[in-house]
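User: I am new to this structure and would like to go through a few points about its strands and cysteines. Please show it first.

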Amino acid sequence: MAQVITLAGEKLFAAKAQANQQLDIDTFIFANVAGQDSTAAIDRNEEIPTGSVVFEQNVQQTGRINDNVVVYSTVLDSLTGPFEFNWVGLYSSVNQTLVAISHVPTVAKTITAPGSAGNTLNRNFGIEYSGIADLAGISVSPETWQLDFSARLSGMDELTRQLASDMNGKDWFIDDGFKVVSRSTANTFSVTPGIGYVSGLRVELKNEQILTLQSYPQFVYVDAYFDGNASSTWKPKVAFTVSNTEIDDYIDVNGTQHYVLKIAKITSFDTVEDLRNINGLKQQIENHINETESAHKASAISLAVKDALSNSKLNMQDTSDWYGVYLSQFLRDGEQGMSHAFNRALEYCRNLPYKGTRIIFERGALYKYDDDHIIGNLSNCMIDLNGSTVQRRSSSTFSSTTTQVIPAGTGLNAREIYVADASKFKVGDFVYSIKGVGLDNISSDAREIQSIAGNKLTIAGAFYYRGTQYGSNTPTGVTICKRVRFIGGGGVSSAGDYNDKIVLCNGELDGNGAAQPSQAWVFNAEINLSSNRGAIYGMTFRNTAAECITGHGIDVNSNQFFDMGGSCFHLSVHDNSLDKTGGSWFRNNQCERTNLATQAVSGHAEGLVTFSWGAGRLVVADNICKDGTEPFLGAFGSPTEDNPDKYLVVHGNTLERFPTFMSYLAADAVGVSIKDNILIETGVAPQVQEAIYANPSIKCSGNISVGSNGRPTLENVSRNERLAIGNDVQLQARQRAVISDPNAHAELSALNVPNPINAQLVLQGVNSVITEHAARVSADYKRSIYTAGGPASSTASETWDEKNKQLRYSINPKGGSGGSFAWTTYSGGTRKHLEVDDEGVAFNRMQYGNATYYGEKHIDGSWRVIIESGNLLHQKRVDGVWVTKQTVAGQ
């Protein structure tokens with residue numbers, strides 16, 4: 001609607017004022033002008049459209065709003081009409097002057113008729129002119145019906161919208177409000193109920209909105225506007241539009257302003273890209289925070305508040321407000337993923353003038369990362385995911401392929417890498433070359449990009465491969481991939497680097513392993529952190545391509561690990577940092593399906609917990625783990641090596657279905673305690689068992705083996721007597737292997753020989769079947785074998801006499817007679833080689849020459865008796881050859 005004072009009216013006002021005469025305005029004129037645009041500007045020279053006038057009526061009421069504004073009004077009652085009008089004029093009949101004009105949308109004036117009531121309209125004309133109230137002689141205040149509040153209220157609405165936009169951001173949403181998600185029904189999507197702001201207008205979706213699409217890609221727009229209903233209730237309203245073209249704000253045919261915002265991009269029936277902004281902080285504040293020289297950085301504000309309240313009692317919320325920053329503060333419009341914002345937050349915290357900060361993520365949000373998040377020299381910082389999920393993006397967003405061969409060697413041409421798309425990288429990124437599967441086909445160390453020119457990357461050093469070093473070309477089509485880690489600290493590749501008190505907690509990390517180009521351990525560690533009193537707790541880790549956590553000095557506590565391509569925890573620290581990082585803990589964790597890539601592919605992920613450079617000083621306790629493709633523990637090395645492994649405590653773990661308990665244990669390992677673990681269908685490698693037998697610095701007790709896999713079990717008793725019992729036993733249902741005090745079975749000491757080791761082995765089988773067993777000793781001992789719960793009869797004893805160097809076997813058959821000792825082997829059938837009973841000694845079914853030797857069989861001068869071709873030969877070994885001295889014919 002347009003309204004003006006005519007030039008003729010303005011001249012009239014001036015003339016009356018100059019002559020000090022009263023201004024008289026007394027008539028409303030209504031006309032219906034064909035083809036008139038109510039929104040177009042009005043020509044102030046316009047005159048009365050005499051051919052279109054439909055009605056005239058006197059001014060019925062005047063009112064003074066202020067010295068410079070007055071209002072003229074008239075009422076068209078229900079008996080006036082019928083007609084339509086779109087032109088209203090205010091006229092001074094005394095001066096025959098058209099004073100003011102208003103162009104309005106066409107209005108229908110009806111009258112009361114049988115069966116229908118006519119409408120009543122009031123028309124108000126506000127005139128603003130300096131001193132017009134006195135000039136027109138109007139001194140009374142207007143009646144409320146004379147005031148058109150719509151413009152004023154519209155102005156208030158607009159002011160509120162602009163204030164909301166200025167204070168909190170133009171377009172943003174709270175949590176999942178207005179989030180578009182796919183549904184189980186094909187080609188249908190839902191808009192999640194919630195609250196948001198569109199161009200500052202607060203909108204609310206109370207019920208789920210269903211969208212159906214026929215083609216892709218499509219954009220989803222929210223259309224927000226302010227509208228009223230028949231009861232004059234005004235509130236924001238929303239509609240949704242699906243289109244593959246851009247849509248801007250617009251004004252509809254009723255003059256209502258619509259604000260349009262793109263909230264999602266749908267590229268397929270199950271792929272939705274969320275375009276909403278869920279950060280309601282003013283962009284100018286964020287930019288100001290990031291200004292290096294800003295006098296009002298959050299840190300300065302925090303310190304000012306702290307100083308102001310220094311004499312007040314503090315609470316936990318005060319501390320959080322002072323020392324916490326939110327990741328949302330560092331997000332910027334148009335950025336893909338959260339990596340840039342996270343790196344800005346880390347940089348900001350590094351520059352704070354105080355210790356003790358916290359980076360807080362948006363509660364319940366999903367963040368995707370595609371960069372290396374470098375902690376640098378940051379210490380005393382908690383990274384609180386606050387219930388959110390962080391997910392590694394597909395490698396297609398941070399990798400490309402070579403378009404030219406990279407020559408062998410270390411020259412400049414070996415450092416110039418031509419790729420299909422250099423936009424995936426930036427100067428300062430570290431990149432790997434990946435030729436194929438396995439550790440030999442990935443460059444051993446990432447190389448820093450020094451410059452980018454077109455699609456040419458120049459890196460700091462030539463790629464080095466474990467197998468060929470610098471000696472082979474890198475062909476075209478090879479993947480060049482940026483190093484991506486959720487946390488990248490020091491301590492592994494940098495001598496002496498570590499970060500003090502770094503904590504990661506309260507969220508979920510998804511490694512998106514299926515979308516990564518390599519499963520080699522050097523490439524895909526999600527967290528690389530050497531810390532002192534650092535911690536990782538309350539986290540869920542899923543779907544890593546290879547290693548999950550590498551580093552040292554961390555308490556990895558109360559986490560979940562599912563579907564790990566490599567190790568859950570890979571210990572590695574430079575020896576220069578070892579005293580600074582202290583010990584590590586891996587405790588109270590739940591781990592399922594680990595090392596799925598296998599050691600053959602990863603190259604260095606020998607166990608669920610893997611030991612690397614400077615490993616040790618580790619406690620592995622109270623974890624529940626199952627279904628490991630590789631052993632539970634990796635290879636624990638010798639203390640004499642460079643960056644040695646020292647001190648390992650493994651207590652109270654429950655393991656189910658691992659190939660073996662440990663990949664390797666050095667025979668001279670220092671400070672190893674293995675205690676109270678439960679091994680379910682999990683074996684112990686013979687080499688590890690041998691190391692436990694031989695080394696007094698390895699303590700092993702209280703472990704229980706359960707299952708039906710026929711693997712060796714892990715068990716020994718007090719090391720004071722250097723006795724380790726390794727049970728080559730298949731434990732079936734209801735079978736058990738225990739160590740007990742011999743006093744409980746004193747009746748078994750048939751030879752009345754004291755038992756100096758104060759322990760006995762008891763084997764119990766199904767249906768009284770005694771399983772096979774083995775023992776190693778180094779002092780006087782006696783072992784009895786019997787049917788559990790049975791009498792002293794039907795037992796056998798094995799006794800080692802240290803003084804006489806004699807191993808004696810005795811049998812206590814039931815009834816005191818019978819019984820024999822037999823030496824047999826089994827390989828496709830039982831072969832009894834030796835049998836001793838009351839009648840004598842028998843040699844049976846000798847396999848290797850059927851010989852009995854007197855003396856060492858490989859030393860000259862020894863004799864043997866052998867059966868050949870049915871004859872009995874007496875032979876002597878002379879110059880390495882057996883010479884027959886006597887033959888007794890078999891016939």
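User: In what order do the strands of the open sheet of three strands come?

Analyst: The model is a predicted one. In the open sheet of three strands, the pairing is antiparallel. Strand S10 covers 180–182 and strand S14 covers 209–212, and these are the edge strands, each pairing on one side only. From one strand to the next the twist averages 30°. The order is S10-S11-S14.

User: How many bridges join strand S11 to S14?

Analyst: Strand S11 takes in residues 188–191. It runs antiparallel to S14, and the number of bridges joining them is four.

User: Which residue in S14 does Phe189 stand opposite?

Analyst: Phe189 falls within the residues 188–191 of strand S11, which is joined to S14 by bridges. The residue opposite Phe189 in S14 is Leu211.

User: Why is there no bond between the sulfur of Cys349 and the closest cysteine sulfur?

Analyst: A disulfide needs two cysteine sulfur atoms within 2.5 Å. The closest cysteine sulfur to that of Cys349 is in Cys381, and it is too far for a bond because the distance is 4.9 Å.

User: Is Cys568 buried or exposed, and how far is its sulfur from the closest cysteine sulfur?

Analyst: Cys568 has 0% relative accessibility, so it counts as buried. Its closest cysteine sulfur is in Cys591, too far for a bond, at 4.1 Å.

User: To how many disulfides does the count come?

Analyst: A disulfide is a covalent bond between the sulfur atoms of two cysteines. For Cys349, the closest cysteine sulfur is too far for a bond, and for Cys568 the closest one is too far as well. The count comes to zero.

How values were computed
Residues numbered from 1 in each chain as written. Predicted model: local features only at pLDDT ≥ 70, side-chain atom pairs only at ≥ 80, totals over all residues. Heavy atoms only, no water. Pairing = 2+ DSSP bridges. Helix = DSSP H or I, 4+ residues; strand = E, 2+ residues; numbered from the N terminus. Axes fitted to C-alpha atoms, helices over the stretch in contact; angles between N-to-C directions. Buried < 20%, exposed > 50% of the residue type's maximum accessible area, 1.4 Å probe, protein only.
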